[in-house]
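Trainee: Could you take a close look with me at one part of this model?

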Amino acid sequence: MALSENIRIARESQALTQAELAQAVGISQPMVAQYEIALKVPTVIVAVKLARVLNTTCEELVNGTPEEPQDKPA
């Protein structure tokens with residue numbers, strides 16, 4: 001999944017509105033909307049703040065939730 005979709009999914013899983021997330025991170029609601037529709041990409045500093053508020057990591061925002069590790073053949 002894309003960063004934009006992962007931000008939206010993480011926000012919704014925390015039951016936050018775009019306005020609530022924006023206020024917690026210190027950005028505007030329209031900026032959150034632009035991140036979620038992939039018009040803009042957050043700076044590293046904002047991405048770290050997003051991850052903290054959304055109880056996730058920057059890596060998970062970029063790559064999605066980690067998949068279950070598969071057993072490697074011996």
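Trainee: I would like to focus on helix 2: how are helix 2 and helix 3 oriented to each other?

Mentor: Happy to. This is a predicted model, in which local features need pLDDT of at least 70, side-chain atom pairs count only at pLDDT 80 or more, and totals for chains, interfaces and linings use all residues. Residues are numbered from 1 along each chain as its sequence is written, and side-chain values use heavy atoms, with hydrogens and water left out.

Helix 2 covers residues 18-25 and helix 3 residues 29-36; their axes come within 8 Å and cross at roughly 110°. Helices here are DSSP runs of H or I with at least four residues, numbered from the N terminus. Axes are lines fitted to C-alpha atoms over the stretch in contact, and angles run from 0 to 180 degrees between N-to-C directions. Helix 2 and helix 3 are therefore roughly perpendicular to each other, a term for angles of 65 to 115 degrees.

Where they meet, helix 2 brings Gln-18, Ala-19, Leu-21 and Ala-22, and helix 3 brings Gln-29, Val-32, Ala-33 and Glu-36; contact means heavy atoms within 4.5 Å. By class, these residues are five nonpolar, two polar and one charged. Ala, Val, Leu, Ile, Met, Phe, Trp, Tyr, Cys and Pro count as nonpolar, Asp, Glu, Lys and Arg as charged, and the others, Gly among them, as polar.

Helix 2 has another partner in helix 4 (residues 44-53): the two pack at an angle of about 120°, and their axes are 9 Å apart. The crossing of helix 2 with helix 4 is right-handed, meaning that the near helix is turned clockwise from the far one by less than a right angle. On the helix 2 side, Leu-21, Ala-24 and Val-25 take part, meeting Val-46, Lys-49, Leu-50 and Val-53 of helix 4. That contact has six nonpolar residues, no polar ones and one charged. Leu-21 is worth finding in the view: Leu-21 is among the residues that meet helix 3 and also among those that meet helix 4.

Key. Parallel < 35°, antiparallel > 145°, perpendicular 65-115°, else oblique.
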